[in-house]
Amino acid sequence: MPILSIGTVLLALVAAWVVNRLINFSRIHKSLGSFPRTYVWAPPFEIINAILPSYIRFDAPNIWNSLFERYQKHNSTAYFALTPVGNVPTLMLADAGAIKAVGAQPNVFGKPLEIYQVICVWGENLVASENEQWRRHRKVVAPTFGENNNRLVWDECLRICDEWFARMNIDGTDGRCDDLEVTESTMRLALLVIASAAFNQSLPWVDEPLNPKTANGHTMTFGTSLKGLMSEFVLRILLPRWAYYLPIQRLKECESYYKEFEVFMREMIQARRLDIAGGAEIDDLFGILLKSSDAEEGAAALSERELLSNIYVILLAGHETTGHTLASTLLLLALYPEHQNALHEEAVEFLGGPNPSYSNFSSLKWSTACFYETLRLLPAILTIPKRALVDTHLTVHTISPTGEAIPTQVFVPAGTNVRLDAHALHHNPLYWDNSTEFRPSRFIDTETTKWNRDAFAAFSVGQRGCIGKSFAVVEAAVVLSKILLHYEARSISITSSAACLTFYLVMADLHPRCSQGNVRETPDGV
């Protein structure tokens, strides 16, 4: 009896794998009936797309460029992406009603937790959990985002903006910011806000060196560890743990940021517990989170590693997304300067006096609208991943040649990857006219019209929506108002940068308001 060679065995195995994939592909193809679909070389949003030529990739850059065009080609608000390589289809959704239905049915459409394991640096957290564990985390985390913390965010944003403006004068710009890299400044501002609101740590605008007399065994300041934690988070979540044993300086620095941050956090846990026991008033996120957890009994309380993991995801969301979106908003205001006067007038009325009150926040409609409109055009999260847990149906819409939206049922097999396509939803002409235009007034309700909340997914949807939404909106509204109170955005030098599926524009020039023409005088001290 002849002995098969290794090559023959391998070839047979490959052939069997290919046949199996083709059979699965044919089965999936038939199960979807005649519903619109597109064929791709690799499963959408998988890492393999990074090595494919750009013109056949199904990932973030192509989604940015296509807006709603992919859906228009299918005359539908949804379509399937199929690949012979993957075992399951991907349903792309840009239909407001269907997306709302997905968010409202957590027992039908779950979260693919394997995607979120990269952010479990210290363990399970609110974002990377489901069912009972998610409810356990949410019960503890939810109380942290309340009115008391919002007031702290408001006060700290005003203080930090004043320090920022003063720093511009100290640097010799005389209040002018001709070469200001806005992203660098807004990221710094967001870092200082989160440091104060989350940890009650008032950090200076410029990093200070470590004082050996107060180091207490630390190798860096809290501010340095926090800044490093945020700046190197992409590196941390992408590389395996063994990589940090390599003799590479940047990796050693990254590891030191995370180790120092953990030490600081454990010290804060002890100090906060003493404060809470002594009856001290607690209004920072970490203190409220700890107090909320300690109020639970037994297994319902969070472990120290779970506390660290939850504060970590809060930091990522509160720093990265807000900092970049603030920079993008200023850039868009410079590109569309006609919107700046309305924002300035609003800021004069509600922030122009001494010690503006948090009660004025609800009146900052223009700054909030500018922030929302930027998130519509440039959402921090392009698509929101879900997975069908059972066979089900969704109602989407077919677009007729006359533009009429016709309700259509789509069968969604169990196991289907579902992508809530926020970027395409925000450019769907059924909900947004002239969708590529920056028009903040879309988000200002009137007595006769209200903007479509279901067609806006920048903060995710349903009960898994962003728990820190109010924190971000308060921060954005007061920072934008404070800037436009004193400055106007003008001539722009633009560069673009893309990293880790995040797209942002990084340079803009801000000029202080002065008494020339219709430009206002800059108040004293700014």
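A residue is called buried here when its relative accessible area is under 20%, exposed when over 50%, and partly exposed in between (1.4 Å probe, protein chains only). By that yardstick, 51% of the 526 residues in the protein chain are buried. This is a predicted model, in which local features need pLDDT of at least 70, side-chain atom pairs count only at pLDDT 80 or more, and totals for chains, interfaces and linings use all residues. Residues are numbered from 1 along each chain as its sequence is written, and side-chain values use heavy atoms, with hydrogens and water left out.

The protein chain holds 16 helices and 12 strands, taken as DSSP runs (helices H or I, at least four residues; strands E, at least two) and numbered from the N terminus.

Let's look at one helix, α13. Its 12 residues, 340-351, reach 15 Å from first C-alpha to last, close to the expected 16 Å (1.5 Å times one less than the number of residues). Buried in α13 are Gln-340, Leu-343, His-344, Glu-346, Ala-347, Phe-350 and Leu-351. Seen down the axis of α13, these buried residues fall within an arc of 165 degrees (judged by directions from the axis to the C-beta atoms), so they line one face of the helix. An α-helix has 3.6 residues a turn, so residues three or four places apart point the same way.

Two loop residues have a positive phi although neither is a glycine:

| Residue | Phi | Loop between | Relative accessible area |
|---|---|---|---|
| Asn-75 | about 50 degrees | α3 (69-74) and β2 (78-82) | 41%, partly exposed |
| Ser-460 | about 65 degrees | α15 (422-425) and α16 (469-486) | 23%, partly exposed |
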